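Here are some friendly notes to read alongside the coordinates. Please keep the viewer open as you go through the points.

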Amino acid sequence: MARTTEWHMHAFRADFREIGQRLGIDPVMARILVNRGQDTPEKQEKYLYGTLSDIPDPKLLKNCEAAAAILADKIREGKKIRIISDYDVDGVTSCYVLMKALKRLGADVSYDIPDRVRDGYGMNVRLVEAAAKDGVDTILTADNGTAAFDAVNRAKELGMTVVVTDHHQVQELLPGADVIVNPWQPGDPYPFKDICGVEVAYKLMQVVSEQMGRPMEPGYLVEFVALGTVCDVMPITDENRIVVREGMLTMPETGCLGLRALLSAAGLLDGKKITAYHLGFIIGPCINSEGRLNSAMEAMKLLMTEDAKEADRLAEEMKELNESRKTATREGVEWAAGFLEESGTAERDHVIVLLIPGLHESLAGIVAGRLRERYYRPVIVFTESEDNPELLKGSGRSIPEYNMFEALSAVSELLERFGGHKMAAGLTIKRDVLYTLMDRLNAADGLTEDQLVEKVYLDVPMPVSYVTLDLAEQLEQLEPFGNGNPKPMFAERGLAVRNIRRMGKDGATLRLQLENKDGNRSEVIAFQGEELFQDIKIWSGEKECDTIKDIVKIDLMYQVSVNEFRGERKPECRLVYYRKSTEE
């Protein structure tokens with residue numbers, strides 16, 4: 001809440017009352033549907049009630065049937081297949097889906113995952129040669145391979161078949177694999193491009209299974225597609241929305257002992273409703289911590305185990321490792337913020353590029369994301385390579401106004417390697433080009449000062465006092481929330497702060513009693529509300545005390561959810577943005 005924001009309201013028009021009556025929902029819900037682009041009866045029905053049967057045929061993916069035919073033949077011939085995946089959550093879930101689906105069909109299949117520090121992203125020559133020594137006939141990539149030119153060439157030299165499954169945006173040329181399945185390759189007719197790596201893999205397995213006469217049951221392994229989709233920050237729209245919703249519903253009943261153990265360790269079993277937040281901020285980071293600080297092979301070991309006690313042990317270790325990751329991330333962000341503010345870099349540069357000494361290279365992307373949130377700038381964080389002091393490894397996170405993949409493509413001669421998409425990228429550079437890269441990116445960023453102010457959008461101007469349990473429960477139908485489908489935002493202006501009560505062990509959570517101009521009183525919760533409390537004290541002229549004597553009026557944006565405690569369900573309004581009101 002500290003950074004500057006511009007408040008805007010969605011201004012789409014429609015007959016919200018008619019939509020509400022037709023769908024049996026509150027007009028507020030109807031307005032939110034239209035704000036999300038659901039402007040026809042067909043789209044609205046699919047958004048609210050879409051099922052897996054509404055997802056496009058996987059055969060629409062270019063080369064999907066050809067890739068399936070190759071794999072089906074290899075399975076029948078008893079050839080050894082080696083999956084090589086990425087080390088993040090999307091990669092690990094892709095690997096697991098391919099392993100389970102191929103084993104179900106009787107394939108002789110194994111897997112390997114690059115070490116983040118030793119290998120970097122994606123399939124490489126070392127992994128290919130290791131597969132050849134093991135007698136592997138066919139390499140099947142998962143969530144990578146589109147940019148693996150050297151590795152694919154080496155595999156072909158060694159006489160291996162290469163099938164690439166990926167979802168990353170393609171560069172001008174493609175590697176010489178036998179077949180590539182990637183919705184972004186030229187000429188691919190698949191209607192929805194923004195699917196993640198695990199969904200590409202899942203669709204291929206659907207076609208392989210069909211070709212071998214053993215179709216996959218509807219919903220089989222869909223919980224892993226949901227997990228990969230959320231953790232790879234794919235837009236929660238169209239088919240992704242359906243897959244994530246179905247996956248969250250089935251996840252508590254998953255047949256994977258490792259995933260069940262991880263859910264249990266996180267306190268997400270025993271009837272607790274699983275949301276996209278749990279996938280993206282609790283379960284996903286635990287899996288990611290292995291790929292970042294240890295080895296993603298350990299994450300696969302957890303998912304593949306058939307021993308319940310072993311699953312519980314591995315899940316607890318993974319949870320502990322994630323706690324250490326969070327501590328290291330917090331320290332990295334604090335150091336970077338101090339440097340940026342002291343040096344004036346955050347004010348001067350539109351694109352923040354910095355080297356953080358001592359930061360584990362696997363944490364660069366997380367720290368970059370935190371800094372992007374704090375400063376609303378594209379951020380690239382570099383760390384020192386552990387195996388080559390002349391190289392720096394970087395990870396970038398962007399804002400919607402800046403296409404990071406295109407920006408890096410324009411300076412590709414400075415980069416040893418890079419890949420990614422418009423909102424995120426990974427790259428390696430020589431240490432001595434760091435400042436040149438910084439200068440070049442900032443000289444050509446094309447960003448205006450207006451674009452560097454975050455625009456926040458409210459869905460409906462609505463009095464807090466209008467919120468009821470019925471409306472809060474209706475809003476749950478709009479889940480899952482995430483990229484492309486944000487949680488609805490409401491706003492009310494000119495609310496008098498009548499009372500503030502601190503809550504929680506550290507007192508950082510505030511419960512505010514507010515009164516609008518009609519005299520209606522409501523309560524709003526502000527998590528991490530210390531900054532709000534200090535601002536209100538300043539605005540009321542009571543800087544030196546912990547009470548609020550003079551009435552202060554604020555404008556607020558808030559979100560609505562259902563708070564369930566000891567079997568009682570109540571609506572809860574959570575403050576997200578605030579400002580001092582100009583209304584009398």
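Two strands count as paired if DSSP finds at least two bridges between them. Please also bear in mind that this is a predicted model.

1. **The β8–β9 hairpin.** Let me begin with the link between β8 and β9, a hairpin that passes through 6 residues. The two strands run antiparallel and are joined by 6 bridges. If you want a pair to click on, F382 stands opposite G394 in β9.

2. **Cover and pairing of β9.** How many of the residues in strand β9 are buried? The strand covers residues 391–397, and 6 of its 7 residues are buried. Strand β9 also pairs with β11 (residues 424–430), an antiparallel arrangement with 7 bridges. One position to look up here is R397, whose bridge partner in β11 is A424.

3. **From β7 to β8.** Strand β8 (residues 379–384) has a parallel pairing with β7 as well, through 4 bridges. Within that pairing, L354 has V381 of β8 as its bridge partner. Helix α16 (residues 364–375) belongs to this part too: β7, α16 and β8 make a β-α-β unit, and the unit is right-handed.

4. **Side chains of β7.** Which residues of strand β7 (residues 352–355) point the same way? I352 and L354 point to one side, V353 and L355 point the other way, and all are buried. The cut-off behind that word is a relative accessible area under 20%.

5. **The parallel sheet.** Further towards the start of the chain you will find an open sheet of 5 strands, paired in parallel and ordered β3-β2-β4-β5-β6. Its edge strands are β3 (108–112) and β6 (179–181), each of which pairs on one side only. From one strand to the next, the twist averages 20 degrees.

6. **A closer look at β2, β3 and α6.** Strand β2 (residues 80–85) runs parallel to β3, with 5 bridges between them. R82 is a handy marker, with S110 in β3 as its bridge partner. Helix α6 (residues 125–133) lies across β2, β3 and β4 (138–142), and the helix runs at about 160 degrees to β2.

7. **Helices α13 and α14.** Two packed helices are described by the angle between their axes and the distance between the axes. What are the values for α13 and α14? The axes of α13 (residues 296–304) and α14 (residues 308–343) come within 9 Å and cross at roughly 145 degrees. This crossing of α13 and α14 is left-handed.

8. **What the two helices bring together.** On the α13 side, E298, A299, K301 and L302 take part, and they meet E310, A311, L314, A315 and M318 in α14. The residues of this contact divide into 6 nonpolar and 3 charged, with no polar ones.

9. **Strands β14, β17 and β18.** Strand β17 (residues 552–565) pairs with β14 (residues 490–503) in the antiparallel sense over 6 bridges. In that pairing, E492 has L556 of β17 as its bridge partner. Strand β17 is also joined to β18 (residues 568–580), again running antiparallel, by 12 bridges. There, the bridge partner of Y558 is L575 in β18.

10. **The turn to check.** Which residue takes a positive phi in the hairpin of β17 and β18? The hairpin has 2 residues between the strands, and R566 takes the positive phi, near 55 degrees.

Terms used. Residues are numbered from 1 along each chain as its sequence is written. This is a predicted model: local features need pLDDT of at least 70, side-chain atom pairs count only at pLDDT 80 or more; totals for chains, interfaces and linings use all residues. Side-chain values use heavy atoms; hydrogens and water are left out. Axes are lines fitted to C-alpha atoms, for helices over the stretch in contact, and angles run from 0 to 180 degrees between N-to-C directions. A crossing is left-handed if the near helix is turned anticlockwise from the far one by less than a right angle, and right-handed if clockwise. Contact means heavy atoms within 4.5 Å. Ala, Val, Leu, Ile, Met, Phe, Trp, Tyr, Cys and Pro count as nonpolar, Asp, Glu, Lys and Arg as charged, and the others, Gly among them, as polar. Buried means under 20% relative accessible area, exposed over 50%, partly exposed in between (1.4 Å probe, protein chains only). A crossover is right-handed if, with the strands pointing away from the viewer, the path from the first strand over the helix to the second runs clockwise.
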